[in-house]
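Here are some short exercises to work through with the model open beside you. Try each task before reading its solution.

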Amino acid sequence: MIRLVNIRKSFGSQMVLSGINLDIPDRAVYVVVGVSGAGKSCLLKHLIGLMRPDSGQVWIDDIEITSLGRRALNRVRNRFGMLFQGGALFDSMSVYDNVAFPLREKTRKSEAEIRDKVHERLFQVGLAGVDAKFPSELSGGMRKRAALARSLVSDPEILLFDEPTTGLDPIRVNAIHRLILDLHQMLDFTAVIVSHEIPAVFSLATHIAMLHQGVIVESGSPSALQESNNPVVRQFMSGQLEGPIDVY
Amino acid sequence: MLRLVRSCGRLTLRTLREMGRMGIFLGTTLIDIFRPPLQGGQLLRRIYFIGSRSLLLIVFTGAFTGMVVALQGYIALRRFGGEEALGPMVGLSLIRELGPVLSALMITARAGSALTAELGIMRITEQIDALEVMALNPIKYLVVPIFLAAGITFPLLNSVFVTVGIYGGYIVGVELLGGSSGAYFSQMSSAADSSDIWMGVYKSLSFGMIVAWVSCFKGFYAAHGAEGVSHATTQAVVMCAVLILVWDYFIGSVFV
């Protein structure tokens, strides 16, 4: 269980998160939606200690991570994987070396074991045979899948996705969503996904929450959110220009 | 008036904050240098990048520096009939001063700027965050090898610069201008002692630390996209050059 308690974060005079409370159950596919610049990525980075809140607590099971030192935080991070918005692949390494990197650096596995694991993950994300390519030689969708393979290679319990489909065409958006669902069923991790792909994420989520002006304005099942009477949620779902969300 | 005081205060606070962050960054890196394991592959890669790939530039600039010093020195010394002092003049100025300073400035321009840009791009494309998410220490993995490589390569490149410069001076002073070959080297070896050579080594080692420190810090904390990386790279080069010259004066005046 991941629990956020009254998380507040500001940059200078700009308040980005102003009291976030969230419970993310084990093995859920929890999607956080919101307009661009709402603070979704910032929220995600709090879950893994890449950002520390000004106040509030982040609980991973029974460990409160905001006050942990580097070593203790790294022990918690070993349970996580993260797919960054741009993939964050190491551009000086091939796809194979990128995916093998966490195993080489963090485990004592032999090169043969690493090879098998890397090939298994690349096959699962549909990238068998592109081992030798460099990130700059891949399309946007392939880069995301290679990054997904790297984040899965350490068998994380919790996987964070920062806008996994940004910049992709609708077919590839669906393909990535299908891939996440299949991998979730196969590997049984908790997924926290930040996205603004409406309505595509509804087929993916077991739980969904909407972030607006630094607070969670609505959360629940995808159907509950779709039927919400909250005007902010309704405007976001329908994509209308008129409403409480300031477009400009 | 109030606005002027306010902006002065803001600038002072920003400078102090930046100095504090740089100090913490240096302290963290120095502690991490002694923490195992050593990233051997990364270290070799950095030695190759800073050292081997700067070699041609160092040979070229070293040769012409020695030639210019010999040419100007010969013209000046001839007025007083002191052409025989050309060897010591070229040797001492290269060993104590020009070798460490100019080689460090050349490496800053070639490798320091590239290191800042590389780390800056890694920062803005979240590659450094990715290392943290993997529970790896980015300073240990990225910065420590650069510090160690700079500590190894700067004194070596300095010695190449000085050696080539001395022979460049020989070509101009002896072969072209007709000075005495025996006097050039014998006067040089009697004028320069081991303390001069150690001074050059200490200087180049400390310049290496300065370049690694500033270049890594500026790249590691680059922000705001491509423009931010460009800004960080410019800042790193300017700051390295200024600190090298200031530190050169300080170390030269303290250890005369």
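## Exercise 1: one residue and its surroundings

B:Gln127 touches A:Ala88, A:Phe90 and B:Met122, leaving aside residues up to four places away in sequence; a contact here means that the C-beta atoms, placed from the backbone, lie within 7 Å. Before going on, note that this is a predicted model: local features need pLDDT of at least 70, side-chain atom pairs count only at pLDDT 80 or more, and totals for chains, interfaces and linings use all residues. Residues are numbered from 1 along each chain as its sequence is written, while chains are lettered from A and ligands numbered from 1 in the order in which they are written.

Task: Is B:Gln127 buried or exposed?

Solution. Start with the cut-offs: a residue is buried if 20 or more other C-beta atoms lie within 10 Å of its own, exposed if 12 or fewer, and partly exposed in between. B:Gln127 has 22 C-beta neighbours inside 10 Å, so it counts as buried. Next, place it: B:Gln127 belongs to helix H5 (residues 127–133) of chain B. Helices (H or I, at least four residues) and strands (E, at least two) are DSSP runs, numbered from the N terminus.

## Exercise 2: two helices of chain B

Task: At what angle do the axes of H3(B) and H6(B) cross, and what is the handedness of the crossing?

Solution. Take the axes as lines fitted to C-alpha atoms, for helices over the stretch in contact, with angles from 0 to 180 degrees between N-to-C directions. The axes of H3 (residues 55–79) and H6 (residues 138–176) of chain B come within 6 Å and cross at roughly 40 degrees. Angles under 35 degrees count as roughly parallel, over 145 as roughly antiparallel, 65 to 115 as roughly perpendicular and the rest as oblique. H3(B) and H6(B) are therefore oblique to each other. Finally, H3(B) passes H6(B) in a right-handed crossing (the near helix is turned clockwise from the far one by less than a right angle; anticlockwise would be left-handed).

## Exercise 3: the sheet of chain A

Task: In what order do the four strands of the open sheet lie?

Solution. The order in chain A is E2-E1-E4-E5, with antiparallel pairing; two strands pair if DSSP finds at least two bridges between them. At the edges are E2 (14–24) and E5 (63–64) of chain A, each pairing on one side only. Eight bridges join E1 (residues 2–11) of chain A to E2(A).

Note on methods:
Two residues are in contact if their C-beta atoms, placed from the backbone, lie within 7 Å.
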